[in-house]
Amino acid sequence: MQYDKRDLSEAVLLKLYKDLQRPRMIEEKMLILLRQGKISKWFSGIGQEAISVGVTNALNEEEYILPMHRNLAVFTTRGIPLHRLFSQWQGKMNGFTKGRDRSFHFGTQDYKIIGMISHLGPQLGVADGIALGDVLQNKKAVTAVFTGEGGTSEGDFHEALNVASVWSLPVIFCIENNGYGLSTPTKEQYNCENLADRALGYGMESHIIDGNNILEVYNKLKKIAEELREKPRPVLIEFKTFRMRGHEEASGTKYVPEELMAEWGKKDPISNYERFLLKEGILTDEKIEALRVEIENEINENLKLAFEEEEVQSEPDQELQDVYASFEYEESNPGSVVEHIRLVDAISKGLKQSMEKHSNLVIMGQDVADYGGVFKITEGFMDAFGKERVRNTPICESGIVSAAMGLCINGMKAVVEMQFADFVSSGFNPVVNYLAKSHYRWNEKADVVIRMPCGGDVGAGPFHSQTNEAWFTKTPGLKVAYPAFPYDAKGLLATAINDPNPVLFFEHKALYRSIYQNVPADYYTLPFGKAAKLKEGNDITIVSYGAGVHWALGTLEKNLDISADLIDLRTLAPLDMASIYTSVEKTGKLIILQEDSMFGGIASDISAMVMENKFQYLDGPVKRVASMETPIPFAKKLEDNYLPKNRFLIALKELLEY
Ligand SMILES: Cc1ncc(C[n+]2csc(CCOP(=O)(O)OP(=O)(O)O)c2C)c(N)n1
């Protein structure tokens with residue numbers, strides 16, 4: 001292996017050596033502990049250390065790095081105390097996740113390291129968001145993100161590179177091409193000679209670097225990072241390397257030809273560099289020995305600390321409390337001026353006022369800038385706030401939701417407009433796995449609101465009509481708002497944006513231009529988790545939300561003899577069960593009207609909770625009224641029959657007569 005030390009000082013050359021040795025020796029120790037059954041799983045980066053060490057040393061300490069499962073050397077090079085890493089791997093409190101996530105699945109703002117989620121790809125988009133945050137805050141910084149060659153087959157890779165290129169984001173995309181993705185060899189993973197060649201298709205610069213040569217990695221990365229700080233743009237780097245051990249220790253390497261192992265064994269990044277330093281007279285055998293003893297002592301002392309630490313105990317209150325970032329709701333009362341406006345106007349005006357209030361708020365979505373969004377909610381925003389903060393995105397929901405997470409990791413706030421709520425399925429993974437779980441896992445907020453134009457009765461068929469709130473109410477860590485009126489929509493949107501937690505904000509398209517109300521002209525907020533009682537009655541409780549509220553109101557207006565409490569939930573997570581219980585205690589009967597198809601919807605859970613907790617007050621079975629168990633159809637007659645609005649009165653009367 002050829003080393004070119006250029007003008008690097010002895011101190012730097014030795015630091016690189018030490019940075020290589022520490023993770024190698026930690027790993028060797030972990031392999032022993034694994035065999036002794038003292039740790040449960042290990043993903044080895046042996047043989048790949050030069051990449052992590054070179055990249056981390058090329059970046060400044062305040063620049064973010066997003067490593068993967070083989071990048072222990074990123075963590076050690078950034079100087080994380082070893083006992084904290086050991087505690088993390090043992091699921092203990094002094095780790096980074098309070099025992100809630102394993103191995104390298106954590107981030108730490110203290111060390112500017114943002115760890116992976118198991119799904120591999122999303123962090124590439126998160127890196128985009130972090131880099132965008134740097135650009136918007138005029139910081140001259142780069143972000144480095146890692147992926148294996150296997151991970152490059154995920155759509156997230158394509159989306160992240162494309163966005164970074166279109167937006168000229170200073171991201172260094174590092175592919176560690178180590179020959180195998182679990183057991184899959186590269187020839188079954190992709191069909192081009194070099195992954196670096198893909199950069200051309202994204203309009204991006206790329207480099208192929210010998211990932212086992214520490215000086216090549218460090219020198220090239222340092223130069224690239226310096227260039228990107230001055231002239232922001234993404235760069236794709238393919239590091240050629242090899243995975244010397246199994247995917248994880250238990251799985252072995254039987255499928256790897258021995259010749260390959262032998263060939264790459266000769267290219268070991270540490271022993272080769274060590275020989276070079278010895279030859280140059282920078283290292284001596286004594287110095288190596290002294291360094292090894294120093295590292296060994298450090299490992300043993302820190303391991304002792306971690307082993308002495310007690311096991312985590314489950315405190316249910318604490319577990320529940322950490323699912324969400326704490327948020328103090330602040331009421332802000334508007335002046336007396338009101339305007340008679342539609343739901344769509346209330347959302348637009350509310351969003352605009354939040355953009356004025358939060359200078360770090362960025363709106364992202366397809367066609368939201370010049371065009372104003374397909375529903376015109378952001379019309380005029382670009383002129384008011386500029387194209388940097390009102391950003392048209394390529395069509396890549398997963399990449400943009402991930403980027404929103406990255407923006408927020410870097411101190412910003414984001415509102416993402418789904419063009420239609422249906423399309424969130426293309427961004428489902430980062431919503432339910434990244435945004436929802438980050439606070440519980442490692443105390444990182446996900447200050448993102450996803451606006452969801454949703455709902456049927458608009459003759460738009462299976463992919464432009466769904467009301468998919470139940471996909472999200474199922475997932476701890478998300479908040480879900482579903483206003484039915486302009487006043488609620490404006491106030492709840494302001495709160496959603498203030499709240500540092502991820503909020504899915506449902507906006508019913510059929511209500512956008514049909515529902516008017518007097519709405520305060522000024523900025524104001526409304527609390528989550530407080531239902532509204534729209535009608536007062538004694539015989540039955542009706543619970544609904546979104547368009548269902550208007551169907552119920554219409555039914556009651558045509559049937560004045562029915563005396564019902566009508567409860568509009570307004571938010572589904574948190575859910576105001578107290579209001580439902582109070583009403584049911586009075587009326588003894590409960591019917592829940594939901595636009596979504598029945599099974600697994602919010603109505604089922606409300607029904608179950610009322611049966612469990614208020615059975616003694618019930619004078620009849622709780623009734624759920626919902627759409628048919630089919631996808632939502634297009635033709636008017638089919639859609640009319642699919643939706644529950646025409647079945648509601650029958651069900652209501654049945655229950656009243658029970
Ligand atoms: C979305 C998803 N699919 C499958 C897996 C299971 N899995 C974990 S790592 C891995 C191989 C990754 O290969 P590569 O990206 O090349 O990284 P390497 O492990 O070789 O460093 C697989 C299939 C996963 N974690 N996430």
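A residue is counted as buried when its relative accessible area is under 20%. This criterion was applied to strand E18 of the structure, which is a predicted model. Strand E18 spans residues 564–568, and 5 of its 5 residues are buried, so the strand is largely enclosed by the rest of the structure. The burial holds for both directions in which the residues point: Ala564, Leu566 and Asp568 point one way from E18, Asp565 and Ile567 point the other way, and all are buried.

Strand E18 pairs with strands E16 and E17. Strands of a sheet pair through backbone hydrogen bonds, in either a parallel or an antiparallel arrangement. Strand E16, residues 532–535, runs antiparallel to E18 and is joined to it by 3 bridges. In this pairing, Lys535 stands opposite Leu566 of E18, and Leu566 is itself one of the buried residues. Strand E17, residues 540–544, pairs with E18 in the parallel sense over 5 bridges. Here Ile540 is placed opposite Ala564 of E18. The connection from E17 to E18 passes through helix H22, residues 547–558, and this β-α-β crossover is right-handed.

A further sheet was found among the earlier-numbered strands. It is open and consists of 5 strands in the order E1-E2-E3-E7-E6, with parallel pairing. Its edges are formed by strand E1 (65–66) and strand E6 (205–210); each has a single partner strand, so one side of each is left without a neighbour in the sheet. The partner of E6 is strand E7, residues 235–240, and the two pair in the parallel sense over 6 bridges. Within this pair, Ile209 stands opposite Phe239 of E7.

The search for internal cavities gave 3 with a volume of 30 Å³ or more. The largest cavity has a volume of about 50 Å³. Its lining consists of Gly365, Gln366, Thr393, Pro394, Cys396, Glu397, Ile400, Val416, Glu417 and Met418. By class, this lining comprises 5 nonpolar, 3 polar and 2 charged residues. Helix H16 (397–409) and strand E11 (413–417) each contribute at least two residues to the lining of the largest cavity. Among the lining residues are Glu397 and Ile400, as well as Val416 and Glu417.

Note on methods
Residues numbered from 1 in each chain as written. Predicted model: local features only at pLDDT ≥ 70, side-chain atom pairs only at ≥ 80, totals over all residues. Heavy atoms only, no water. 1 Å grid on protein atoms, 1.4 Å probe; cavity = no way out; pocket = protein on both sides within 12 Å on 5 of 7 lines; lining within 4 Å. Points joined across faces, edges and corners; volume = space filled by probe spheres on them. Helix = DSSP H or I, 4+ residues; strand = E, 2+ residues; numbered from the N terminus. Nonpolar A, V, L, I, M, F, W, Y, C, P; charged D, E, K, R; others polar. Buried < 20%, exposed > 50% of the residue type's maximum accessible area, 1.4 Å probe, protein only. Pairing = 2+ DSSP bridges. Right-handed = clockwise from strand over helix to strand, strands pointing away.
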